[in-house]
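Open your viewer and keep the sequence panel beside it. Each stop below gives a selection to make and then says what is there.

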Amino acid sequence: MSLNEKTINLLEFHRIRQSAAERALCAGAARRILNETPSGDPAAVAEAKERVAAICDLVKTEDGENLELPEIGFLLPKLEVEGAVLDVDEAFALGLFTERGGAFLGWLARSEKLRELASSVPDLSALRGEIFKLIDRDGKLRDLPELKKIRRRIQDLSRELESLAAKYSSGEETRRMLQSPLPSQRDGRLVLAVKANFRGRIRGIVHEVSSTGQTIFVEPEESVEKNNRLLIERGNLDAEIRRLLRELTGRIAGRREELAEFYRRIIYLETLRAKARYSLDTGGCFALDAPGEAGLRLVRARHPLLGPGAVPVDFSLDEKTRMAIITGPNTGGKTVALKTIGLFALMNQAALAVPAGEGTSLPLFDNVFADIGDEQSISQSLSTFSAHMLNIASIVSAATKDSLVLLDELGSGTDPEEGSAIAMAILDHFIEKKNIVVVTTHHGVLKNYGYSREGVENASVEFDGKTLSPTYRIVMGLPGESRALDIAARNGLDPDTLNRARSYLDEERSDVSALIAGLKEKHRELDTVSRKAGEEQKRLREERRRADLKDLSLRQKEHYLRFQGAGEFRRLLSESRKKLENLVRELREGEISREKTVKVKEFLRGLERDSAAIDAALEAEEAALKAAADGIDSDDGNGADGKNADGKGAAGGIDSPAAAVIVPGSEVLLKEGRRRGRALRKDNRGGDPFWVVEIGSVKMSLPESALVPAAPLADQKPLIGPADLAFPAEPRLELSVRGMRLDEALDALRRQIDAAVLAGMKEFSVVHGKGDGILQKGVQDYLKQERAVADYYFSRPELGGFGRTEVVLRG
């Protein structure tokens, strides 16, 4: 996009750029913002907005140190000059820029969206190390060995000279010859301030005579050689420093291309950060992209330069509407609305957030043209109308179908009839070229034009008839009246003059005002009809929802009855378990035959299949009921929470398993194995919700989808699940009961012995640990009275010793 300064000045976009530039931490970034023009490249605009939005997110979560970056742009050309030497301050500025720039890149890399961009910047950490090897963090030369030696000699000579001067100021004879007891410096040499009448008494070289002639500055003979040596050493120090700086400059110049690229990228990124800060400070949002020839939509848009007092306005043009004609009273906000639209277009394409509500969308314009204000010029013999026509003529020739055209008071400044004709002809041209055009006017003819042309919509700024003042809001679809007499009355015009004006108006006025009043009445009637239709639609939707809830309630009751039936079945299985235990006891006490083993296993498999089939059917029906309830909630016009007017959920308050939810402290069942536990708290893992569940003495994190709510044991009859009926599929060679309570450990041991007997296993081990010895004693007491156990003893020390027991079963 190529915008001239005239358009930027008319819309005052330079003030927006100035405000954003003030938030930059580097002079180079501020200059870039001030000189930057909005882009017309869709890909570039989208990329810049995405990056600025990502920096906004980063600033919200963890703002950086915000250290100012020193300006080094002027030093880059110096590095290209053969033999150039940087001074200490310049080298320090380069080191500081690379250091703080590197920290800035590290901060940006915390964002996943910006990590790749930050990593593409050249790494200058080695160069930074070279600079700070010579210069400390305060910008001073470090006391390197080669400099320390020279400085020590300078210090020694300075002390000798100070001792020599002290000899003159402390001696009784020589002290009275001195104008001042303190030595002075002339051209880097130590001298004494001697009274003129004693000039011959102290032999030496005269360097200067005071303006009054009363004081002569003499360098004593005995200090001449020391002064000479001091000057030589200072020269050596300067030469050594220059040598070190020359070598450092050479190393920096060797990487000047990388340094220039680093500088360019850091300035660009700091520009984005400044725009992000501006966007956050103004409380704006990033406009959505309106693709193709789609229109524009502003939601609660506030003029960015009017501050908190700006009145939010809504404005929209759909894909079929390319032009809006805004009418209404003076000082009603027409020009402000026009400038707001233009500024939003420029800010959007400069990757700045616009001060508006979510849902604001803007197309990408290849240019923005504006004709706003009075451009009368006496020096160029231009009247107001001529200045407008000259500007509009250039807009007509330059605007394309992708341009935004803003015209304020079109057709004003000349005869109203001719001005209206010219205005309509200009608008016809823009309609043919399919420009997006927003026009303000007071011509009544143009209000009718808005109704008679396809793709054109009238709009007006609202006026409060009671207070005779504008509200600064835009009403789409209706033209507005100028209300000149009301505004004149509010501004103090005398009543007699106003009455005479009204009499002239009544004699010659057309029926346009009556037409507008009629249209407003029709608009109110349509609003009433639309509101009633919406209420009726909401009522019908609620009735349908209630019917669906009633059907769902019946299905839930049926499901609950089946759930109770399943409980009866489980109790039946519990009784069958007694038979099973008798059978197992026979196996323990008698001989184990293959026929008996197969018979027991088949019995268990049959029980598991029947119980699993019932559970699967119940879970499928429960899922179907949940889906039905979710469907009813999604159709609910009252909100996404699926609640009725009485506050009950979609389940209609039915006390059934399907209606229960998991909350901290509630009891739950694991779908796999039907183990009972207690939900402690939610485990924030992202994605599907997880719960920390306590099962016995073990705590584990499980997905919510693997759990079902369970009524407390006090509220339901005891049920028995497949996990209580089935033995382990295979016995374990090593059973670990560490961390269990004693009753849990003994229950696990009982199951292990039963499974081992069925599988024909002769030996296994139990790991119970040492601890306080409770598990150790309890396990061995149980084994002592278990008839299926032939022997038990502690393991060898290398296998666990007293923390592990070996078990031998009977043959």
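## Stop 1: E233 and its partner

Select E233. This residue is buried, with a relative accessible area of 13%. Buried means under 20% relative accessible area, exposed means over 50%, and partly exposed lies in between (1.4 Å probe, protein chains only).

Before going on, note that this is a predicted model, where local features need pLDDT of at least 70, side-chain atom pairs count only at pLDDT 80 or more, and totals for chains, interfaces and linings use all residues. Residues are numbered from 1 along each chain as its sequence is written, and side-chain values use heavy atoms, with hydrogens and water left out.

Now add R153. The side chains of R153 and E233 form a salt bridge, 3.1 Å from N to O. The two ends sit far apart in the chain: E233 is in helix α11 (residues 221-253), R153 is in helix α9, and 80 residues separate them. A salt bridge here is a side-chain nitrogen of Lys or Arg within 4 Å of a carboxyl oxygen of Asp or Glu. Helices (H or I, at least four residues) and strands (E, at least two) are DSSP runs, numbered from the N terminus. R153 is partly exposed, at 32% relative accessible area.

Stay on helix α9, residues 145-170, and select Q155. Q155 is partly exposed, with a relative accessible area of 45%. Add L230. Its C-alpha atom is 9.0 Å from that of Q155, although the two positions lie 75 residues apart along the chain.

## Stop 2: more salt bridges

How many salt bridges does the rule count? The total is 40. Select E146, E240, R243 and E247 together: salt bridges link them in a network.

Next, select E258 and R255. They form a salt bridge, with the closest N and O atoms 3.0 Å apart. E258 counts as partly exposed, at 33% relative accessibility.

Then move to E744 and R741. Their side chains meet in a salt bridge of 3.6 Å, N to O. Both ends are partly exposed: E744 has 21% relative accessibility, and R741 has a relative accessible area of 44%.

## Stop 3: strand β12 and its neighbours

Select residues 436-440, strand β12. Buried residues make up 5 of its 5. Which residues lie on each side? I436, V438 and T440 are on one face, V437 and V439 are on the other, and all are buried.

Add strand β8, residues 323-327. It pairs with β12 in the parallel sense over 4 bridges. Two strands pair if DSSP finds at least two bridges between them. Look for I325, which stands opposite V439.

Now add strand β11, residues 403-407. It too runs parallel to β12, over 4 bridges. Here V405 stands opposite V437.

## Stop 4: the nonpolar core

Select L108, I252, L269, F315 and L406. These have the most contacts inside the largest nonpolar core, a set of 120 residues. Such a core is a set of buried Ala, Val, Leu, Ile, Met, Phe, Trp, Tyr and Cys residues joined through side-chain atoms within 4.5 Å.

Zoom in on L269. Leaving aside neighbours within four places in sequence, L269 contacts I55, F104, L105, L108, L117 and V121. Contact means heavy atoms within 4.5 Å.

Then select helix α3, residues 27-35. G28, A29, A30 and I33 are buried there. The buried residues of α3 pack against α2 (13-21) and α12 (256-281).

## Stop 5: T215 and G769

Select T215, in strand β4 (residues 215-220). T215 is buried, at 10% relative accessible area. Add Q179: a polar contact of 3.1 Å joins the two side chains. A polar contact is a pair of N or O atoms within 3.5 Å; within protein, one must be able to donate a hydrogen and the other to accept it, and residues adjacent in sequence count only if both atoms are side-chain atoms.

Finish at G769, in the loop between β21 (763-767) and α23 (774-785). Is G769 buried or exposed? It is buried, with a relative accessible area of 17%. Beyond four places in sequence, G769 touches R738, Q776, F802 and G803. R738 is 31 residues away in sequence, and 6.3 Å away in space from C-alpha to C-alpha.
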